[in-house]
Amino acid sequence: MNLRLQNIRLRVGTFALEIDAAFDHPITGIFGPSGAGKTSLLDLIAGLRQPDAGAIVLENEVLFDANNGCDLPPRFRRIGYVPQDLALFPHLSVRGNLRYGQRRVSAKNGAFTLEHVAEAMEISPLLERNVTNLSGGEQQRVAFARALLSSPRLLLLDEPMSSLDLKLKTRLIVLLHRIREEFRVPLLYVTHDAQELRTLCDEVCVLEKGRLVGRGSPAVILDRDR
């Protein structure tokens with residue numbers, strides 16, 4: 001991953017997010033208290049919000065630049081996003097949700113097949129079921145699969161396991177490692193859970209009050225914050 005946030009500024013009411021950083025690890029954890037700006041950061045990268053200033057560059061492609069008016073629409077950024085609420089379509093089957101992910105991809109950029117992703121995320125037996133009839137862990141896997149089928153250059157995950165028990169978290173962490181190793185898709189991973197950071201991430205970035213106040217290996221960052 002080669003993601004650069006250059007002098008990014010975003011003000012919402014009394015809150016201000018100010019980030020100037022580069023991210024180049026396969027899985028980077030974004031850690032910090034509620035209200036620190038973690039979700040806002042993902043929204044800016046995905047193109048769901050527009051910064052007040054600065055530039056966002058992914059793999060040497062400018063996604064946003066306030067100085068020259070560049071603001072690439074989300075559908076052209078090739079970034080997968082799994083929000084906290086998963087945003088699955090309740091009126092569609094699992095297969096229908098996955099096909100929606102595929103429809104956003106041009107033929108030349110379509111890197112993965114539905115069958116391959118469904119097998120990797122262990123949802124092949126669920127394809128004809130409605131997503132409202134799935135467990136929380138099954139819905140998470142469908143959301144990961146749909147994001148992968150958009151053939152992203154980067155996958156953004158916003159607290160994807162916050163509502164799951166330890167057994168399901170352990171299983172999903174294995175699948176996220178598979179996304180990194182088999183599909184070669186880098187992750188930005190927002191979480192409040194220190195154990196998730198330890199078992200999944202190569203680097204941890206700590207946000208507080210809209211500022212990047214620390215970064216390093218999970219062991220160094222989490223041991224420091226004890």
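This is a short tour of a predicted model, with a selection to make at each stop.

**Stop 1: three salt bridges**

Start by selecting R178 and E119. The two side chains form a salt bridge, and their closest N and O atoms are 3.3 Å apart. R178 belongs to helix 5, residues 166-182, while E119 belongs to helix 3, residues 114-120, so the salt bridge ties together parts that are 59 residues apart in sequence. Colour the pair by accessibility and R178 comes out as partly exposed, with a relative accessible area of 26%. E119 is also partly exposed, with a value of 43%.

Stay on helix 5 and select K169, then add D193. These residues form a salt bridge as well, with 3.1 Å between the closest N and O atoms. K169 sits in helix 5, and D193 sits in the loop between strand 9 (187-191) and helix 6 (194-200), which puts the partners 24 residues apart in distant parts of the chain. Which residue of this pair is buried? K169 is, with a relative accessible area of 15%, under the 20% limit for a buried residue. D193, at 23%, counts as partly exposed.

Next select R215 and E203. Their salt bridge has its closest N and O atoms 3.0 Å apart. R215 is in strand 11 (residues 211-216) and E203 is in strand 10 (residues 203-208), and the two are twelve residues apart. E203 is buried at 9% relative accessibility, whereas R215 is partly exposed at 32%.

To finish this stop, select R9, E18 and R211 together. A network of salt bridges links these three residues. The count of salt bridges comes to 13.

**Stop 2: L207 and its neighbours**

Select L207, which is found in strand 10. Its relative accessible area is 1%, and L207 is buried. What does L207 touch, leaving aside residues up to four places away in sequence? Its contacts are I19, I30, F31, G32, P33, A36, G37, K38, L41 and L212. Now add G35 and draw a line between the two C-alpha atoms: L207 and G35 are 172 residues apart in sequence, but 9.4 Å apart in space.

**Stop 3: helix 2 against helix 4**

Show helix 2 (residues 94-103) and helix 4 (residues 136-148). Two packed helices are described by the angle between their axes and the distance between the axes. Here the angle is about 30° and the axes are 7 Å apart. The angle is under 35 degrees, so helix 2 is roughly parallel to helix 4. Their crossing is right-handed.

To see the contact, select V94, N97, L98, Y100 and G101 on helix 2, then V142, A145 and R146 on helix 4. Of these contact residues, five are nonpolar, two are polar and one is charged.

Keep helix 2 on screen and select its buried residues: V94, G96, N97, L98 and G101. They pack against helix 3 as well as helix 4. A general point about helices helps when looking along the axis. An α-helix has 3.6 residues a turn, so residues three or four places apart point the same way.

**Stop 4: H177 on helix 5**

Return to helix 5 and select H177. The residue is partly exposed, with a relative accessible area of 22%. Not counting residues up to four places away in sequence, H177 touches T199 and L200. Add C201 to the selection: its C-alpha atom is separated from that of H177 by 9.4 Å, and the two residues are 24 residues apart along the chain.

**Stop 5: two positive phi angles**

Most residues other than glycine have a negative phi. The last two selections do not follow that pattern.

Select E59, in the loop between strand 4 (53-58) and strand 5 (61-65). Phi of E59 is positive, near 50°, and E59 is not a glycine. At 38% relative accessibility, E59 counts as partly exposed.

Then select S151, in the loop between helix 4 and strand 8 (154-158). S151 also is not a glycine, and has a positive phi of about 50°. Is S151 buried or exposed? S151 counts as buried, at 1% relative accessibility.

Key:
Residues are numbered from 1 along each chain as its sequence is written. This is a predicted model: local features need pLDDT of at least 70, side-chain atom pairs count only at pLDDT 80 or more; totals for chains, interfaces and linings use all residues. Side-chain values use heavy atoms; hydrogens and water are left out. A salt bridge is a side-chain nitrogen of Lys or Arg within 4 Å of a carboxyl oxygen of Asp or Glu. Helices (H or I, at least four residues) and strands (E, at least two) are DSSP runs, numbered from the N terminus. Buried means under 20% relative accessible area, exposed over 50%, partly exposed in between (1.4 Å probe, protein chains only). Axes are lines fitted to C-alpha atoms, for helices over the stretch in contact, and angles run from 0 to 180 degrees between N-to-C directions. Angles under 35 degrees count as roughly parallel, over 145 as roughly antiparallel, 65 to 115 as roughly perpendicular and the rest as oblique. A crossing is left-handed if the near helix is turned anticlockwise from the far one by less than a right angle, and right-handed if clockwise. Contact means heavy atoms within 4.5 Å. Ala, Val, Leu, Ile, Met, Phe, Trp, Tyr, Cys and Pro count as nonpolar, Asp, Glu, Lys and Arg as charged, and the others, Gly among them, as polar.
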